[in-house]
Amino acid sequence: MASASASATTSTSTGTQRPIVILGAGVIGLTTAVQLLESEFYQSTRPPVHIVTDHLPNDPLDAKYASTIAGAHHLSFADDNDERQRRWDRKSPLDDRLTESRTAFLIMYEEWRKLGESSGLMALKQTEMFVGETKHLEIYEEHPDFTVIEESQRPKYVDHAVSFTSLTMTPLVYLNRLLTRINALSEHQVFIHRHHLSSLSALSHPSSQAIIGDRPPSAVIVCTGIGALTLGGVEDQTVVPARGQVIKVRAPWIRSGYTRQVGSLTGSEGGERTYVIPRPDGEVILGGTREIGDWFPYPREETSQDILRRVLEICPDLCPKHKIAPPLVQAQNQMEKPITGHPLDRDEGTAISPLQSLVVQTLVGFRPSRELGTRLERGPDLELEEGIQTAVIYNYGHGGAGWQSCWGTAEDAVDLLLQAI
Ligand SMILES: Cc1cc2nc3c(=O)[nH]c(=O)nc-3n(C[C@H](O)[C@H](O)[C@H](O)COP(=O)(O)OP(=O)(O)OC[C@H]3O[C@@H](n4cnc5c(N)ncnc54)[C@H](O)[C@@H]3O)c2cc1C
């Protein structure tokens, strides 16, 4: 029998109940699936659930599959007056509300407390620095250990800085844990199909019926990220890629996170952002960029050098003298001019970053951004068979916040689904 852990299946459901389809297997599709499977509705009625997707977590990296490229850390962008986003991202005090309020930080923080770093999560001290701003987002004050860093303790060019406890995620570990949970909650009865859906109406095509069965689904939840731009029946022209280039280095001595925001966030992710995101396995993600509408799927060398320069400004510990092997030769003049001394002591014009010897991989991904922010609502029903309605729920367009808001949006998406059916 095919199951959630399989990479692709061709099984069909044979029961009499109408299936529920989740489109997409990024962090949004998979957390939505877990949320549905944990619901009383699912546990008491056990309808067939199908996840239909182009990409799966263990696939080779692809810029169009944002969830496996992401940094990722929990660092909200929610404006002080954006109650919706704050609710999705929020961490409440660790009290009774914890069990009632399923939001990203709370759920992930509890997972980390129970499972430690095998959860794919790492709790750490996060320092957020601001240049050209003297104010932080209010939501940071809700994190444990929140502190405003005094002027004497911060770099001179930094206008304001705060620190608090936050989380980083190792996407592959976390996504695979979600697949395991889907298997366990459904007793291997959720089917995951590698299948490109050209349009929502194609759910009634024979190629789709071959995998989800010939009964029209009672509901479809659209968790297609950037795919919402081209998926027929959705074709949301306000969805746009926010290209992000990041560099993975091996630096296990870094156990704290750093971010520098230059200029205003302007409601989401404006200005220039530089970040250092350590992971439990000793790898550290360095970033970043945010290039709106840029579909170039490969790394740009000049961007990499710029990132390596910027991260050293906010985290010089990346380059302690005894940890870095200087490159044997200078880039322009290989074999002739051996480099001596510590890399940080070199001239400004040195072509190779002192961090180069730590680089494991450079990645590019497209954040699924959307002009009006995440789309979380019920759309018009589909009529895949005459007189039979299929409810459509949208849960896409999370931009650079999909990891931190996934549990909050999954809860809202499943609430909408339960109201609809
Ligand atoms: C460089 C970078 C850094 C980031 N850092 C952070 C961070 O620190 N914190 C944070 O919270 N977020 C971060 N993000 C953002 C986060 O990764 C995204 O918001 C999140 O992954 C979106 O998840 P998703 O499931 O909606 O999309 P995706 O992960 O892109 O998944 C979309 C799914 O839909 C499927 N699909 C699409 N169209 C179709 C179709 N027609 N038929 C079948 N299947 C389809 C795809 O195959 C895929 O399975 C970052 C992103 C990038 C690129």
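In the predicted model, helices α1 and α10 pack against each other at an angle of about 45°, their axes lying 8 Å apart. This angle makes α1 oblique to α10, since angles under 35 degrees count as roughly parallel and those from 65 to 115 as roughly perpendicular. The crossing of the two helices is right-handed. On the α1 side, the contact is formed by V27, I28, T31, T32, Q35 and L36. Helix α10 contributes G402, W403, C406, W407, T409, A410, E411, A413, V414 and L417. By class, the residues of this contact comprise 10 nonpolar, five polar and one charged.

Both helices also take part in the surroundings of the ligand. Of the 41 residues around the ligand, those that come nearest are G26, G225, G227, G365 and G402. Two or more residues of the shell are supplied by each of α1 (27-38), β2 (49-53), α3 (66-69), β8 (239-250), β13 (359-370) and α10 (402-420). Residue G402 thus appears in two settings: among the residues that come nearest to the ligand and in the contact of α10 with α1. The shell consists of 19 nonpolar, 20 polar and two charged residues.

Strand β2, one of the elements that give two or more residues to the ligand shell, also belongs to an open sheet of six strands. The strand order is β6-β2-β1-β7-β15-β14, and the pairing is mixed. The edges of the sheet are β6 (190-194) and β14 (375-385), each of which pairs on one side only. From one strand to the next, the twist averages 20°.

Within this sheet, both senses of pairing can be illustrated. Strand β1, residues 20-23, pairs with strand β7, residues 219-222, in the parallel sense over four bridges. Here L23 has V222 of β7 as its bridge partner. By contrast, the edge strand β14 and strand β15, residues 388-396, pair in the antiparallel sense over seven bridges. In this pairing, G379 stands opposite V392 of β15. Strands β14 and β15 form a hairpin with two residues between them, and in this hairpin G387 adopts a positive phi near 80°. In a regular strand, side chains alternate between the two faces of the sheet.

How values were computed:
Residues numbered from 1 in each chain as written. Predicted model: local features only at pLDDT ≥ 70, side-chain atom pairs only at ≥ 80, totals over all residues. Near = placed C-beta within 6 Å. Nonpolar A, V, L, I, M, F, W, Y, C, P; charged D, E, K, R; others polar. Pairing = 2+ DSSP bridges. Axes fitted to C-alpha atoms, helices over the stretch in contact; angles between N-to-C directions. Parallel < 35°, antiparallel > 145°, perpendicular 65-115°, else oblique. Left-handed = near helix turned anticlockwise from the far one by under 90°. Contact = placed C-beta atoms within 7 Å.
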